[in-house]
Amino acid sequence: MDNQTPSPFKSHGGLTRIMRAFIYSLQGLKAAWQHEAAFRQECGLALILFPTAFWLGRDATEIFLLCLVLVLVLVAELINSAIEALADAISTEHHPLLGRAKDIGSAAVLLALIVVVAWWGWVVVDRFFL
């Protein structure tokens with residue numbers, strides 16, 4: 001197949017494509033929940049912190065940002081989990097490039113968690129100590 005021939009696996013648009021994409025997304029969330037302990041832990045944390053954001057935030061922007069950084073962690077974890085699953089499907093033996101891909105995915109989650117701690121920490125300090 002050359003680069004000009006469209007993939008037979010790609011959809012062609014319309015409402016059917018949107019519905020299928022939605023279903024695939026739900027399947028991805030279900031798979032992450034079933035197979036990824038870190039995703040379940042982060043969901044548990046988000047379940048606690050989302051309502052807390054409405055108590056802690058002083059205006060709509062602050063509440064939105066408190067919630068947004070939580071979603072950022074979940075997105076990073078989903079991408080990291082996808083990279084790990086793909087790497088494991090390619091080979092479970094040690095390969096430096098697969099290891100690097102997994103480490104980089106993990107680093108993305110770490111950075112997202114640092115953003116959560118920094119933003120939530122700032123809001124707490126600003127609200128209660130300044």
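Which residues does glutamate 36 touch, not counting residues up to four places away in sequence? In this predicted model, glutamate 36 touches Ala31, Ser81 and Glu84, and the legends below begin with that residue.

**View 1. Glutamate 36 in the loop between helix H1 and helix H2.** The loop that holds glutamate 36 lies between H1, residues 14–35, and H2. Among the residues that glutamate 36 touches, once those up to four places away in sequence are set aside, is Glu84, and both Glu36 and Glu84 belong to the positions that the unreviewed UniProt entry annotates as "binding site".

**View 2. The positions annotated as "binding site" in the unreviewed UniProt entry.** The annotation covers Arg17, Tyr24, Glu36, Glu84, Glu93, His94, His95, Lys102 and Asp103. They span 87 residues in sequence, and because the farthest two C-alpha atoms are 37.7 Å apart, they do not all gather at one spot. One of these positions, aspartate 103, is found in helix H4, and with a relative accessibility of 55% aspartate 103 counts as exposed.

**View 3. Helix H4 and the residues buried along it.** Helix H4 runs over residues 96–128, a total of 33 residues, and its first and last C-alpha atoms are 47 Å apart, close to the 48 Å expected at 1.5 Å a residue. Leu98, Gly105, Val109, Ala112, Val116, Trp120 and Val123 are buried in this helix, and what covers them includes helix H2, residues 37–56, and helix H3, residues 60–90.

**View 4. Glutamate 77, listed by UniProt under "active site" in an unreviewed entry.** Glutamate 77 is found in helix H3, where its relative accessible area of 4% makes it a buried residue. When its neighbours within four places in sequence are left aside, glutamate 77 is in contact with Ala38, Phe39, Glu42 and Val109. Of these partners, Val109 is itself one of the buried residues of H4.

**View 5. Phenylalanine 50 in helix H2 and its contacts.** Phenylalanine 50 has a relative accessibility of 25% and therefore counts as partly exposed. Leaving aside the neighbours within four places in sequence, the residues in contact with phenylalanine 50 are Cys67, Leu70 and Val71. Cysteine 67, for its part, is buried, with a relative accessible area of 12%. As a reference for distance across the model, phenylalanine 50 and isoleucine 104 are 54 residues apart in sequence, while their C-alpha atoms are 27 Å apart in space.

**View 6. Cysteine 43 and cysteine 67, in a structure that holds zero disulfides.** Cysteine 43 is in no disulfide, and the nearest cysteine sulfur, which belongs to cysteine 67, is 14 Å away. Why does cysteine 67 form no bond with the closest cysteine sulfur? The sulfur of cysteine 67 lies 14 Å from that closest sulfur, in cysteine 43, and this is too far for a bond. A disulfide would be a covalent bond between the sulfur atoms of two cysteines.

**View 7. Arginine 127 over the face of tryptophan 55.** Arginine 127, which is found in helix H4, lies over the face of the tryptophan 55 ring at 4.9 Å from the ring centre. With a relative accessibility of 29%, arginine 127 counts as partly exposed. Apart from its neighbours within four places in sequence, arginine 127 is in contact with Trp55, Leu56, Gly57 and Arg58, so that the residue beneath the arginine in this view is also listed among its contacts. The C-alpha atoms of arginine 127 and phenylalanine 64, which are 63 residues apart along the chain, are separated by 16 Å.

**View 8. Valine 124 in helix H4, with leucine 56 and phenylalanine 129.** Valine 124 is partly exposed, its relative accessible area being 30%. Not counting residues up to four places away in sequence, valine 124 touches Leu56 and Phe129, and Leu56 is also in contact with arginine 127. Valine 124 and glycine 57 are 67 residues apart in sequence, whereas the distance between their C-alpha atoms is 9.0 Å. As for aromatic rings, a search of the whole structure finds one aromatic pair.

How values were computed:
Residues are numbered from 1 along each chain as its sequence is written. This is a predicted model: local features need pLDDT of at least 70, side-chain atom pairs count only at pLDDT 80 or more; totals for chains, interfaces and linings use all residues. Side-chain values use heavy atoms; hydrogens and water are left out. Helices (H or I, at least four residues) and strands (E, at least two) are DSSP runs, numbered from the N terminus. The expected span of a helix is 1.5 Å times one less than its number of residues. Buried means under 20% relative accessible area, exposed over 50%, partly exposed in between (1.4 Å probe, protein chains only). Contact means heavy atoms within 4.5 Å. UniProt positions are given in the numbering used here, feature names are shortened, and annotations may be inferred rather than shown by experiment. Rings of Phe, Tyr and Trp (its six-membered ring) pair if their centres lie within 6.5 Å; planes under 30 degrees apart count as stacked, over 60 as edge-to-face and the rest as tilted. A charge sits over a ring if NZ of Lys or CZ of Arg is within 6 Å of the ring centre and within 35 degrees of the ring normal. A disulfide is a pair of cysteine sulfur atoms within 2.5 Å.
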